[in-house]
Each structure stands twice: as C-alpha cells, then as structure tokens.
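Me: Hello! I have just opened this model and would like a close look at a single part of it. Please pick a good starting residue, work outward from there, and keep it friendly for a beginner.

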Amino acid sequence: MLDLEKYRKIIVANWKMNGSIKFINDFSEKLALLENLEESTCRIICPPFVYLQRFRDQLNNFYFGGQECSQFDEGAFTGNISAKMLKDLNCNFCIVGHSERRKLLNEQNFEVSKKSSNCINFNIHPIICVGETLEEKNLNKTREIIEKQINESVPENANKNNTIIAYEPIWAIGTGLTPSLEEIDYIHQFIKKDIKTSKDYKILYGGSVKSSNFKEIIQLTNVDGTLIGGASVIFDEFKKILYI
Ligand code: PEP
C-alpha cells in the first residue's frame, strides 16, 4: 500500500468510458511533458481498463487506478476484471461503487464492500463512492443516506490508511451543479468526524469539479482531494487543475 499520509491532496481523474488509443497516446505524451508538478499531491488516472496497459511503467508523476473491480477473485464471470488483474497492471487505486454503476447496474452496498475488500487484499486502495440523489437531499436525508452507504460499503479490512471515501452527490455529477462550499465542507466533516466507520479517512469531493471551482473546493478544511470526471478528459482543463 502507498503511504497516503505523505500527500496533502489527492486528485483522481475518472475517464469513464472515454478515449481511444490515439487519445490516450496524445494525452499521455502531453502529461509526460508536464514539469514541476506539486510533490505533495497524489495524482491518479483511472482510464478504461483496456488502456491501463499502455500506462504501465509510464508517467512517473501519476498513479493509476481501475474504475471498478469484480467482487470475485477469479472464474466464470464473463467481462469482469479482478483486483489481482488490476494489480498486475500496476494499479494502486480502484474506484468502487460509483453512482453510475449503482444506478445503471443496480450495484448494492454489500457488493461494493466485497469489491473494496478484494482491492485491499491486493494492496489497492479502494475509492468508495457515496452520495445522495436530489430527492434525498431535498428531503434532508443526505446524512442518513451517506451513513448507511458507508456503514454497508466499507469492508471490515478497511482502515484510514488503505481506503478512501469519495463524496459525490449524484445530482452534481456531470450536471454543472455543486453543493455550496459550506455544504461540501460540512458533509466531509460529518463523514470524517461523526461516522465511526470512516473516522479520519481521507475524503474526496466529486461532482462537476472544473478548473474554475477546483481551488475553492480543494482549499476546504475537510476536503482531502477531488474526483474529477468530465474535466479530466479535456487536457487543457486537467492541466490547469494540476497547476492550481
Ligand atoms: C464522476 O464521474 O465521478 C464525476 C465526478 O464526474 P463529473 O466531474 O463529470 O461531474
């Protein structure tokens, strides 16, 4: 496992199902040219699985992660990728329980927990995503929903050194909307201080982060980093964020 304590901030790029070999080659060539990147920031790129191999042993300034891994170790699970395979491809991180998977594939907390546990067993830090819908927010249920997701998704072998939580309000993902800065900091504090399961964990914010709002979000006391989707596949946007 990497020592996360040595990093002040963590930036995760979730490329989702975007890119092509040409895109990846161009993007990584440009990334490789970036100099004087902040040493105290942990930078992680999560490309589609099929392109992970191309990054292996490249780009010293970045770590790599999967966008998902199987709850099983191996066997007849067509299309699945195991934590062990991710480790083979040099991954130190894996996004688990992203809301798109929870919604589109009906992924449940117990599966997220199993997947996260597998990651930890292979020295991969799971980045466990949690967040409320707009309806739940409007009903003032954000804390209740998040606490339940965390309690059921964080496995027994997790601790503050091997696991990261990403707070991603579902209504903020890809919409251009974000909670207020006060709301973001408050929920991060709640996860870190009030939920026993995730006490003192590193907590990332995700949901419509871009270069224009990155600084004010990353500076919040209880925010340890950001998970970035759309803006992370636009090179000039991502570069701006890396130098803020
Ligand atoms: C995400 O997919 O985790 C995400 C935060 O996306 P976006 O930055 O595009 O809202």
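Reply: Let's start at S211, which is in contact with E237, K240, I241 and I244 once its neighbours within four places in sequence are set aside. Before we go further, please keep in mind that this is a predicted model. One of those contacts has some polar detail: the side chain of S211 makes a polar contact with the side chain of E237, at 2.6 Å. You can also follow the backbone here, since the C-alpha atoms of S211 and F238 are separated by 7.4 Å, although these two residues are 27 residues apart along the chain.

Is S211 buried or exposed? Its relative accessibility is 16%, and buried means under 20%, so S211 counts as buried.

Now let's zoom out to the helix around it. S211 is found in helix α9, which covers residues 211-218. The buried residues of α9 are S211, N213, F214, I217 and I218. Seen down the axis of α9, these buried residues fall within an arc of 155 degrees, so they line one face of the helix. A simple rule helps you to picture such a pattern: an α-helix has 3.6 residues a turn, so residues three or four places apart point the same way.

What covers the buried residues of α9? The cover includes two helices, α8 (181-194) and α10 (235-243), together with the strands β1 (9-14), β7 (202-206) and β8 (225-228). Try finding each of them on your screen, and then come back to α9 for a second residue.

That second residue is N213, which also has its place in helix α9. With a relative accessible area of 9%, N213 is buried. Beyond its neighbours within four places in sequence, N213 is in contact with T178 and S208.

Next, look at α9 from the other side, starting from one of the strands that cover it. T226 is found in strand β8. T226 is buried, with a relative accessible area of 0%. Not counting residues up to four places away in sequence, T226 touches F214, I217 and I218, which are among the buried residues of α9. The list of residues touched by T226 also includes I10, I11 and V12, as well as L204, Y205 and V209. You can compare the numbering with the ranges given for the strands: β1 spans 9-14 and β7 spans 202-206.

From here we can step over to the ligand, through a residue you have already met. S208, a contact of N213, is one of the residues closest to the ligand, along with K16, E168, G174 and G230. In total, 14 residues surround the ligand. By class, this shell has four nonpolar, eight polar and two charged residues.

Which atoms come up against the oxygen atoms of the ligand? A side-chain N or O atom of H98 lies 2.8 Å from an oxygen atom of the ligand. For N14, an N or O atom in the side chain is 3.4 Å from a ligand oxygen. G229 takes part through its backbone, with an N or O atom 2.8 Å from an oxygen atom of the ligand. Taken alone, the ligand exposes 290 Å², and the protein buries 96% of that.

One member of this shell deserves another glance. K16 has its place in the loop between β1 and α1 (21-32). Its phi is positive, about 50 degrees, although K16 is not a glycine. Most residues other than glycine have a negative phi. D200 is another example, with a positive phi of about 65 degrees although it is not a glycine. You will find D200 in the loop between α8 and β7, and both of these elements help to cover the buried residues of α9. D200 is partly exposed, with a relative accessible area of 41%.

So what should you take away about α9? Its buried residues line one face of the helix, with S211 in polar contact with E237 and N213 in contact with S208, which is among the residues closest to the ligand.

Definitions and conventions
Residues numbered from 1 in each chain as written. Predicted model: local features only at pLDDT ≥ 70, side-chain atom pairs only at ≥ 80, totals over all residues. Heavy atoms only, no water. Buried < 20%, exposed > 50% of the residue type's maximum accessible area, 1.4 Å probe, protein only. Helix = DSSP H or I, 4+ residues; strand = E, 2+ residues; numbered from the N terminus. Arc of directions from axis to C-beta. Contact = heavy atoms within 4.5 Å. Polar contact = N/O pair within 3.5 Å; in protein donor to acceptor, adjacent residues only side chain to side chain. Near = heavy atom within 4 Å. Areas by Shrake-Rupley, 256 points an atom, 1.4 Å probe, with all protein chains shown as cover. Nonpolar A, V, L, I, M, F, W, Y, C, P; charged D, E, K, R; others polar.
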